[in-house]
Amino acid sequence: MTDLEYQNQAEHVLKAVEQACDRLNDESDVDIDNQRTGAMVTLTFANHSQIIINLQKPLQEIWMAARAGGFHYKFNSGQWLDTKDGREFFANLSRYASEQTGHPLVFAATV
């Protein structure tokens, strides 16, 4: 993957996360504050816990930090997959955000 391809794919992820937060705030009682600073999105929940997602351009990875730990994702076969267990980024984000808020939350790759 070229650097430009990585940037386009990774940027799509960050935009999808931001749009999912807006949708979840509109459609549910959950309160997610999402702040974007450059190549990083910080999700802050009502209980003050956070999930931080940032781009690692030199490695062509997306990193996510949640209460459950730190995770690295590489683009493979059209998906961002965890470099350790192969789980998909948005499935994991949904799982970790749901655990941290106590509400079932669904994040998806669609923008």
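This note describes how the helices and strands are arranged in the structure above, which is a predicted model.

1. The sheet is a reasonable place to begin. It is open and built from 6 strands, which follow one another in the order β1-β2-β3-β4-β5-β6 with antiparallel pairing. The edges are taken by β1 (32–37) and β6 (79–82), each of which has a single partner strand, so that one side of each is left without a neighbour in the sheet. From one strand to the next, the twist averages 20°.

2. Within this sheet, one pair of strands can be followed in more detail. Strand β3, covering residues 50–56, pairs with strand β4, covering residues 61–66, in the antiparallel sense and over 5 bridges. As one example to locate in the model, I53 has M64 in β4 as its bridge partner.

3. Helix α1 should then be viewed against the sheet. This helix lies across β1, β2 (40–45), β3, β4, β5 (69–76) and β6, and it runs at about 155° to β1.

4. The two helices also pack against each other. Helix α1 (residues 3–27) and helix α2 (residues 89–101) make an angle of about 30°, and their axes are 12 Å apart. Angles under 35 degrees count as roughly parallel, and α1 and α2 are therefore roughly parallel to each other. Their crossing is right-handed.

5. Which residues of α1 and α2 meet? From α1 come V13, A16 and V17, while α2 contributes F89, F90 and L93. By residue class, the contact of α1 with α2 divides into 6 nonpolar residues, with no polar and no charged ones.

Definitions and conventions:
Residues are numbered from 1 along each chain as its sequence is written. This is a predicted model: local features need pLDDT of at least 70, side-chain atom pairs count only at pLDDT 80 or more; totals for chains, interfaces and linings use all residues. Side-chain values use heavy atoms; hydrogens and water are left out. Axes are lines fitted to C-alpha atoms, for helices over the stretch in contact, and angles run from 0 to 180 degrees between N-to-C directions. Helices (H or I, at least four residues) and strands (E, at least two) are DSSP runs, numbered from the N terminus. Angles under 35 degrees count as roughly parallel, over 145 as roughly antiparallel, 65 to 115 as roughly perpendicular and the rest as oblique. A crossing is left-handed if the near helix is turned anticlockwise from the far one by less than a right angle, and right-handed if clockwise. Contact means heavy atoms within 4.5 Å. Ala, Val, Leu, Ile, Met, Phe, Trp, Tyr, Cys and Pro count as nonpolar, Asp, Glu, Lys and Arg as charged, and the others, Gly among them, as polar. Two strands pair if DSSP finds at least two bridges between them.
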